[in-house]
Amino acid sequence: MKRHILYCLCLIGAVLLLSSCVYHPDVPSSSKKAKCLPAIFPDYCNVTVPYNIAPLNFMLPSDEYEECVARITTPDGNQQSYGEGVKVQIPESEWHAMMETSKGKSLKIEVWGKKEGEWLSFNPFTIFVAKDPIDEYLSYRLIEPSYVAWDFMEIAQRNITSFEESQIFNNEITCNDRKKGQCINCHSYQNYKTDNMLFHVRLSNAGTVIVNDGHVSRVNLKRDYTISSGVYPAWHPTAKLIAFSTNKTRQAFHTANRNKLEVYDEASDLILYDVLKDSVSVICNDSTLLEVYPTWSPDGKYLYYCKSVPLPEELRDKDIRSTFERIQYNLYRRSFDLGSHNFGEEELVYDAASQDKSATLPRISPDGRYLLFAKGQYGCFHIRHHDADIVCLPLGKDNASEIDLTNLNSEGFQDSYPTWSSNGHWIMVASRREDGNFCRVYFSYFNNGKVGKAFMLPQEDPEQNTFLLKSYNRPEFMAEPVRISVDEFSKVFE
């Protein structure tokens, strides 16, 4: 009993010691009013965030300011100050306590910055705390924004409620041909859960790693009648079925073009893979057109996808490197019968080409009411196109107007790969809006067709998104983490 009491006292003492290590600076006693919002990075001024998000740590530009202090006021009037150097980093326990008491209300943030020995006080801003939570996890591929070569890459997962990040797989543990190398990509999950998931391994030890009810296997999806093995995947929401595109993808490089790089398909079709039977059937394979990026409706009754429109007859036999700007995609869907695995006739969902545009990467909201997709001038790889934006369209309404996504899209930078959270209240996108080179993850609050200001995935060190020389590729929401270890995944390559 005495030993138990002693242990508890030691534990309480340790907690108190850690709490006492948190630095709470005094706010400046006098300052000059700047009469503007602070230029903090990341920009969290007047955003709406989920109550379970990790601390929104930020900083003032280190080349302009010597110090930064922020005071946070909760709706019940409690205040706390933070800041060390030019950074504001908030302990997770204190942050989550503030968020819990602020659901449905706003935090008030006041910021002071010391510049050339003088304190400046900026206009205060608010952070509205939504009652709608965000999925606790997301995963992404971390990769240099290179064009023809790569070295180490990994698929990682991050706890959005904290800063914990772990590795799902990397391209070194099973690579047996260093000259050829190994690429890993296209992680995908069934209905936000991880007991049924997949990712691809290309080149050395190639195959698709599929997890079926927690059991890991490696399969070859290539058949004599398909263009390639499976490429872009989409799990059926309830059945052990996966729709894939099969692609013959190529790259071309510009010598005088802001977009730098073109990624295009010489051929692409759609297939359906039955996980239980290890069988592949063709969904559509028009040899004259390109079909890509399948996605299911949340009830599993429709498969949505992108399909190119025919080129003018005089351009059809020309090299695609001279016609790539004329290739545009519309959005289509086909009904699906789960009992027979048969697909219905093709239906046009969104005619982008009639607007001289191209639509790709469709995603349907969990309630089936809204369609998200990326739109640009041409092509299907919009993350390389500076004019690319995200579009949201209500479904089931004739001549419905697009939802205003001004708060989500950036101006003049690439926004692509839109994704819904499992409750439909958060939109996630990959964007190069900071510098035009590196993809970062952004979230926006979505509520009855209203969209909040986009904010960057928070990091423990706010400078991390400046110094990390890798892109977040294919960010996907997850309701739970992947529990299979890297070593367990590697065993299917033995």
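Which backbone oxygen does the side chain of Arg202 reach? The legends below take up this question in a predicted model, beginning with the whole protein.

**Figure 1. The whole protein in outline.**
The model shown is predicted. It contains four helices and 34 strands. The C-alpha atoms fill a box of roughly 75 × 60 × 50 Å along the principal axes. The radius of gyration is 25 Å. A compact globule of 494 residues would have a value near 23 Å, so the protein agrees with that expectation.

**Figure 2. Inside and surface of the protein.**
Of the 494 residues, 55% are buried. The exposed area of the protein is about 22700 Å². Carbon and sulfur atoms supply 47% of that area. Among contacts with a separation of 6 or more, 58% link residues 24 or more positions apart. The protein has 52 positive and 65 negative charges. The mean positions of these two sets are 1 Å apart.

**Figure 3. Arg202 and the residues it touches.**
Arg202 belongs to strand 14, which covers residues 193-203. Setting aside residues up to four places away in sequence, Arg202 touches Gly181, Gln182, Cys183 and Asn185. Arg202 also touches Ser229, Gly230 and Val231.

**Figure 4. Polar contacts of the Arg202 side chain.**
Here is the reply to the opening question: the side chain of Arg202 reaches the backbone oxygen of Gly230 at 3.2 Å. A polar contact also joins the side chains of Arg202 and Ser229. Its length is 3.3 Å. Ser229 and Gly230 are both among the residues that Arg202 touches.

**Figure 5. Arg202 and Asp76.**
Along the chain, Arg202 and Asp76 are 126 residues apart. In space, their C-alpha atoms are separated by 55 Å.

**Figure 6. Leu372 in its strand.**
Leu372 lies in strand 27, made up of residues 370-376. Is Leu372 buried or exposed? Its relative accessibility is 0%, so Leu372 counts as buried. The cut-off for buried is under 20%.

**Figure 7. The surroundings of Leu372.**
Neighbours within four places in sequence are left aside here. Leu372 is in contact with Leu361, Pro362 and Arg363. Leu372 also contacts Ile390, Val391 and Cys392. Further contacts of Leu372 are Pro418, Thr419, Trp420 and Ile427.

**Figure 8. Leu372 and Glu314.**
These two residues, Leu372 and Glu314, are 58 residues apart along the chain. The distance between their C-alpha atoms is 34 Å.

Technical notes: Residues are numbered from 1 along each chain as its sequence is written. This is a predicted model: local features need pLDDT of at least 70, side-chain atom pairs count only at pLDDT 80 or more; totals for chains, interfaces and linings use all residues. Side-chain values use heavy atoms; hydrogens and water are left out. Helices (H or I, at least four residues) and strands (E, at least two) are DSSP runs, numbered from the N terminus. The radius of gyration is taken over C-alpha atoms; the globule rule is 2.2 Å times the number of residues to the power 0.38. Buried means under 20% relative accessible area, exposed over 50%, partly exposed in between (1.4 Å probe, protein chains only). Contact means heavy atoms within 4.5 Å. Accessible areas come from the Shrake-Rupley method with a 1.4 Å probe; for residues, only the protein chains shown count as cover. Lys and Arg count as positive and Asp and Glu as negative; His and the chain ends are not counted. The place of a charge is taken as NZ of Lys, CZ of Arg, CG of Asp or CD of Glu. A polar contact is a pair of N or O atoms within 3.5 Å; within protein, one must be able to donate a hydrogen and the other to accept it, and residues adjacent in sequence count only if both atoms are side-chain atoms.
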